[in-house]
Amino acid sequence: MAPAKATFIAILLAMATIGALAQREIPEFLHVCDAGAELRKFEQCVVESIMKLQPYLKMGVPEYNIPLLEPLKLKRLTFTPTATLRIQAKDIDVYEASNFRISKLKTDVKNLYFHVDVSLPNIRVEGDYDVDGKILVLPIRGSGPFHGNFKNCTGSCRIQAEKYIDSDGVEKIRISDFKMKITVGRGTIKFDNLFNGEKALGDVVNSAINNNFEVFLKELIPLLEKALSDAFRVTADNIVTQFSFAQLFPNA
């Protein structure tokens with residue numbers, strides 16, 4: 001065989017090997033489901049697979065580029081519950097978002113669309129705040145730690161994925177859209193250090209805030225929805241882009 005021809009074949013073999021290596025082996029914690037199975041069985045398998053993955057989402061898997069979700073870290077939220085009140089929150093930690101339970105799942109593998117309804121018994125939020133304004137007729141100002149506790153939450157997630165060919169010529173999928181809608185059964189918010197730690201005034205304002213909790217939720221929830229949607233989209237994308245479409249959806 002001519003040297004040039006042999007070199008060319010060696011290059012092709014090397015490229016094929018690199019392409020094969022680019023497809024990671026499916027890890028033990030990621031259970032794939034037979035996409036060619038009857039729809040009800042496939043969807044039940046997907047639910048079981050997600051629940052099996054749940055503990056790994058909680059603690060993260062660095063070698064598979066999966067960040068931990070406990071706590072889920074959010075940078076900054078600014079919301080205005082009323083025309084006279086503006087609250088800035090930063091360095092926010094969200095706890096127990098990984099303790100979800102799936103109540104409903106609908107899949108459309110052909111169009112790579114998934115609808116998941118989840119229940120979240122409790123979501124706890126901690127961070128730092130800065131506030132200045134009025135609630136009802138009460139002036140409110142201060143900065144310091146805040147604590148939120150939201151119970152009996154539900155989430156509705158609409159996930160759209162798309163196929164693409166990576167640089168090694170492997171067909172994969174990525175998450176193109178992830179939207180989560182949240183409802184909260186009940187909850188409380190507490191701002192520490194209002195009025196430079198003057199407890200009596202702080203207690204009055206915190207009481208007024210929680211007596212008008214729905215007003216705060218109306219402004220806060222859309223911000224949390226977007227922040228959580230972005231975080232979960234990145235996590236889901238980190239997982240699926242490491243494997244080929246055929247690996248994730250055999251017999252599709």
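How far is the sulfur of C157 from the closest cysteine sulfur, and in which residue does that closest sulfur lie? In this predicted model, the sulfur of C157 is placed 13 Å from that of C153, its closest cysteine sulfur, and this separation is too far for a bond. The cut-off applied to a disulfide is a pair of cysteine sulfur atoms within 2.5 Å. C157 is nevertheless buried, with a relative accessibility of 6%, and C153 is likewise buried, at a relative accessible area of 2%.

One disulfide is present in the structure, and its partners are C33 and C45, whose sulfur atoms lie 2.1 Å apart. Because C33 belongs to the loop between α1 (3-22) and α2 (39-59) whereas C45 belongs to helix α2 itself, the pair ties together parts that are 12 residues apart in sequence. The torsion about the S-S bond of C33 and C45 is about -90°, so the disulfide is assigned as left-handed. Both partners are shielded from the probe: C33 counts as buried at 5% relative accessibility, and C45 counts as buried at 16%, a value that falls under the 20% limit for that class.

Internal space was examined next. The structure contains three cavities of 30 Å³ or more, and the largest of them encloses about 840 Å³. Its lining consists of 34 residues, among which V46, I50, L53, I159 and A236 lie nearest the centre of the cavity. Several elements contribute to this lining, with at least two residues supplied by each of α2, β3 (101-108), β4 (113-135), β5 (138-165), β6 (171-183) and α4 (213-240). In composition the lining of the largest cavity is divided into 31 nonpolar residues, three polar residues and no charged residues.

The second largest cavity has a volume of about 120 Å³ and is lined by 13 residues, with F79, V125, F146, I189 and L220 nearest its centre. Two or more residues of this second lining come from each of β1 (72-82), β2 (85-95), β5, β7 (186-191) and α4. Of the residues that line the second largest cavity, 12 are nonpolar and one is polar, while no charged residue takes part. Helix α4 and strand β5 are thus named among the contributors to the lining of the largest cavity and among those of the second largest cavity.

Nonpolar side chains tend to be buried together in soluble globular proteins. In the present model, the largest nonpolar core comprises 73 residues, and F150 and F249 are the residues with the most contacts inside it. Helix α4 provides the largest share of this core, namely 12 residues. When residues up to four places away in sequence are not counted, F249 touches A35, F42, V109, L112, F114 and I173.

A further buried position was examined in strand β4, where V131 is located and where its relative accessibility of 4% places V131 in the buried class. With neighbours within four places in sequence left aside, the contacts of V131 are with L85, R86, I87, I140, R141, G142 and L194. V131 is separated from G144 by 13 residues in sequence, and the C-alpha atoms of V131 and G144 are 9.3 Å apart in space.

The backbone was also inspected for less common geometry. Most residues other than glycine have a negative phi, and most peptide bonds are trans. Against that background, the peptide bond from E70 to P71 is cis, with omega near -5°, and P71 is situated in the loop between α2 and β1. Two asparagines adopt positive phi values: for N193, which is not a glycine, phi is about 70°, and for N196 phi is near 60°. N193 occupies the loop between β7 and α3 (199-211), and N196 is likewise placed in the loop between β7 and α3. Their accessibilities assign them to separate classes, with N193 partly exposed at a relative accessible area of 36% and N196 exposed at 73% relative accessibility.

Conventions:
Residues are numbered from 1 along each chain as its sequence is written. This is a predicted model: local features need pLDDT of at least 70, side-chain atom pairs count only at pLDDT 80 or more; totals for chains, interfaces and linings use all residues. Side-chain values use heavy atoms; hydrogens and water are left out. Helices (H or I, at least four residues) and strands (E, at least two) are DSSP runs, numbered from the N terminus. Buried means under 20% relative accessible area, exposed over 50%, partly exposed in between (1.4 Å probe, protein chains only). On a 1 Å grid over the protein atoms alone, a cavity is a set of points where a 1.4 Å probe fits but cannot get out, and a pocket is an open set with protein on both sides within 12 Å along at least five of seven lines; lining residues have an atom within 4 Å of a point. Grid points are joined across faces, edges and corners, and a volume is the space filled by probe spheres set on the points. Ala, Val, Leu, Ile, Met, Phe, Trp, Tyr, Cys and Pro count as nonpolar, Asp, Glu, Lys and Arg as charged, and the others, Gly among them, as polar. A nonpolar core is a set of buried Ala, Val, Leu, Ile, Met, Phe, Trp, Tyr and Cys residues joined through side-chain atoms within 4.5 Å. Contact means heavy atoms within 4.5 Å.
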